[in-house]
Amino acid sequence: GNIGGAMAAKAPADGYTLFMGTVGTHAINASLYKKMPFDPIKDFAPLTRVANVPNLLVANPAQPYKSVKELIAYAKANPGKVNFGSSGNGSSIHLSGELFKSLAKVDMVHVPYKGSAPAVTDLLGNQIGIMFDNMPSAIQHVRSGKLVPIAVTTAKRSPELPNVPTIAEAGVPGYEATSWFGMFAPAGTPAPVLAKLNSALVKVLNQADVKKRINEQGAETYSETPEQFAAFIQAESVKWGKVVKESGASLD
């Protein structure tokens, strides 16, 4: 993400080079990396969020907990015995777990992997107990019964798993963690061009077939004004900057 973001930030501000940013590139990485090749706020003009992607708290069926309250009770009775995997240090999957640790006041051990796939493989093999995985990656294993869905990380339940509660409603008030994708243009792109791009993106994101395709992957389409997206990014940067600092995560 940082490599692509650096290239997009230096591209001509003419509306012909856009960047699909994420919660990582535009809300987490500035706090996580000691040096960034671009400024996520100053070097980009936000257009609109494209999709919100819930993370899904899943467990291996062999584990003794099937709900948030059972997980918290087990973790408090067995401090340091619950291992949660992630796709790597500082990823939204990792920080979703760190936010849970902080709000639920439990001691769990983070196990970083080089990507989500090997972490899920070990979760399926019961080498780790739980994972806060991205919905598109985890949902197939939930539907097949290979993983137990404990809760979703978003403020509202997912339409794809309507019977799975949110972490907040299941016992951790105030918890919310969302992975998201959004479209950006390089800073300095003329206002009329930004308005035209935003209008086109919103139109596409509201098409029934586009919504259906994105929903099938466990995500939800989202569209807004550039001003709304900019305000959202500012809030997300503050939120995740605090979680990064508290977790001690850092990357060169």
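In which helix of the chain is confidence lowest, and in which is it highest? This is a predicted model, and its confidence bottoms out in helix 6 (residues 135–143), where the mean is 91, while helix 3 (residues 68–77) comes out on top at 98. Over the chain, the mean pLDDT is 94, and 100% of the residues reach 70 or more. That matters for reading on, since where pLDDT is low, the predicted coordinates should not be read in detail.

Helix 1 is a handy place to start. Among residues 2–9, which make up this helix, the buried ones are Asn2, Gly5, Ala6 and Ala8. Looking down the axis of helix 1, these buried residues fall within an arc of 165 degrees, so they line one face of the helix. Over on the other side of helix 1 sit Ile3 and Met7, which are exposed. As for what the buried residues of helix 1 pack against, the list is strand 1, helix 2 (23–32), strand 2 (44–59) and strand 7.

Two of those neighbours, strand 1 and strand 7, also pair up with each other. Strand 1 (residues 19–22) runs antiparallel to strand 7 (residues 178–186), and four bridges join them. Within this pairing, phenylalanine 19 stands opposite phenylalanine 184 of strand 7. In a regular strand the side chains alternate between the two faces of the sheet. Strand 1 can be split along those lines: Phe19 and Gly21 are on its covered face, whereas Met20 and Thr22 are on the uncovered one.

Next comes helix 4 (residues 92–104), which includes serine 92. Serine 92 has a relative accessibility of 14%, so it counts as buried, the cut-off being under 20%. Its side chain makes a polar contact with the side chain of serine 179, at 2.8 Å. Leaving aside residues up to four places away in sequence, serine 92 touches Val23, Ile28, Asn55, Asn134 and Ser179.

Helix 4 also holds a salt bridge, between glutamate 98 and lysine 101. Their closest N and O atoms are 3.5 Å apart, and both residues are buried. Glutamate 98 and lysine 101 are three residues apart in the helix, so about one helical turn separates them. As a rule, an α-helix has 3.6 residues a turn, so residues three or four places apart point the same way.

How many salt bridges does the structure hold? The count is six, and helix 8 (residues 208–216) is another place to look for them. Here Lys212, Arg213 and Glu216 are linked in a network of salt bridges. Glutamate 216 pairs with lysine 212, with closest N and O atoms 2.6 Å apart, and these two are four residues apart, about one turn of the helix. Arginine 213 bridges to glutamate 216 as well, at 3.9 Å between the closest N and O atoms, and the two are three residues apart. Glutamate 216 is partly exposed, with 37% relative accessibility, while lysine 212 is exposed at 53%.

Finally, a couple of loop residues have backbone angles worth a look. Most residues other than glycine have a negative phi, and most peptide bonds are trans. Lysine 105, though not a glycine, has a positive phi of about 55 degrees. This lysine 105 is in the loop between helix 4 and strand 4 (108–112), and it is exposed, with a relative accessible area of 65%. Asparagine 126 also has a positive phi, near 65 degrees. Asparagine 126 is in the loop between helix 5 (116–124) and strand 5 (130–134), and it is partly exposed at 32% relative accessible area.

Terms used: Residues are numbered from 1 along each chain as its sequence is written. This is a predicted model: local features need pLDDT of at least 70, side-chain atom pairs count only at pLDDT 80 or more; totals for chains, interfaces and linings use all residues. Side-chain values use heavy atoms; hydrogens and water are left out. pLDDT is the predictor's confidence in each residue, from 0 to 100. Buried means under 20% relative accessible area, exposed over 50%, partly exposed in between (1.4 Å probe, protein chains only). Two strands pair if DSSP finds at least two bridges between them. The arc is that of the directions from the helix axis to the C-beta atoms. Contact means heavy atoms within 4.5 Å. A polar contact is a pair of N or O atoms within 3.5 Å; within protein, one must be able to donate a hydrogen and the other to accept it, and residues adjacent in sequence count only if both atoms are side-chain atoms. A salt bridge is a side-chain nitrogen of Lys or Arg within 4 Å of a carboxyl oxygen of Asp or Glu.
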